[in-house]
Amino acid sequence: MEDLKKTDEKFMRLALNEARKALQLQEVPIGAVVVADGAVVGRGHNLVETLSDPTAHAEMQALTAAASTLGGKYLQGCTLYVTVEPCIMCAGAAGWAQVSRVVWGADDPKK
């Protein structure tokens, strides 16, 4: 159990680094990484304003990158780390991608 906690902390720190990138772009500072077999296979940060795309959330960017890296749309066995609890769109996308586990750093009280 302690090993899992250390692993989660390690990858959440990488998600926080992605959130900092979003902040530098004056985006909502949310970051995400997708991990498979102990390696980051996708990462992303909010790009909603930059791309003028309401779907360009950090999770969506990370899921798309992971699918590209792994060569398929299903991310079974992967963990999605995100700095803030996923919205309904991102939670749905993680479900459709068959992500095995989602870990978030802070709850979203707006739900």
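In the predicted model, Thr79 is found in strand β3. The relative accessibility of Thr79 is 11%, which is under the 20% limit, so this residue counts as buried. Apart from neighbours within four places in sequence, Thr79 is in contact with Val33, Val34, Val35, Val99, Arg101 and Val103. One of these, Arg101, belongs to strand β4 and stands opposite Thr79. From β3 the chain passes through helix α4 (residues 88-96) to reach β4, and the resulting β-α-β crossover is right-handed. The two strands, β3 (residues 78-84) and β4 (residues 101-106), run parallel and are joined by five bridges.

Strand β3 also pairs with β1, in this case in the antiparallel sense and over five bridges. Within this pairing, Val33 stands opposite Tyr81 of β3. Strand β1 is mostly covered, with six of its six residues buried. Gly31, Val33 and Val35 point one way from the strand, while Ala32, Val34 and Ala36 point the other way, and all of them are buried.

Ala32 lies in β1, which spans residues 31-36. Its relative accessibility is 0%, and Ala32 therefore counts as buried. With neighbours within four places in sequence set aside, the contacts of Ala32 are Ala15, Glu18, Gly42, Arg43, Gly44, Ala58, Glu59, Ala62, Leu80, Tyr81 and Val82. Among these, Gly44 is the residue of β2 that stands opposite Ala32. Ala32 and Trp96 are 64 residues apart along the chain, and their C-alpha atoms are separated by 17 Å.

Strand β2 (residues 39-45) runs antiparallel to β1, and six bridges join the two. Together β1 and β2 form a hairpin, with two residues between the strands. Asp37 is located in the loop of this hairpin, between β1 and β2. This residue has a positive phi of about 50° although it is not a glycine. Asp37 has a relative accessibility of 84% and therefore counts as exposed. A positive phi of about 50° is also found at Ser52, likewise not a glycine. Ser52 is in the loop between α2 (48-51) and α3 (58-70). Its relative accessible area is 65%, so Ser52 is exposed.

Helix α1, made up of residues 2-24, contains Asp8. This charged residue is nevertheless assigned to the buried class, because its relative accessibility is 14%. Beyond neighbours within four places in sequence, Asp8 is in contact with Tyr81, Arg101 and Val103. Arg101 and Val103 are also among the contacts of Thr79, and Tyr81 is among those of Ala32.

The largest pocket holds about 220 Å³ of space. Its lining consists of Val28, Ile30, Asn46, His57, Glu59, Val84, Glu85, Pro86, Cys87, Asp108 and Lys110. By class, these residues divide into five nonpolar, two polar and four charged. Glu59, one of the lining residues, is also in contact with Ala32 of the buried strand β1.

Conventions. Residues numbered from 1 in each chain as written. Predicted model: local features only at pLDDT ≥ 70, side-chain atom pairs only at ≥ 80, totals over all residues. Heavy atoms only, no water. Pairing = 2+ DSSP bridges. Helix = DSSP H or I, 4+ residues; strand = E, 2+ residues; numbered from the N terminus. Right-handed = clockwise from strand over helix to strand, strands pointing away. 1 Å grid on protein atoms, 1.4 Å probe; cavity = no way out; pocket = protein on both sides within 12 Å on 5 of 7 lines; lining within 4 Å. Points joined across faces, edges and corners; volume = space filled by probe spheres on them. Buried < 20%, exposed > 50% of the residue type's maximum accessible area, 1.4 Å probe, protein only. Contact = heavy atoms within 4.5 Å.
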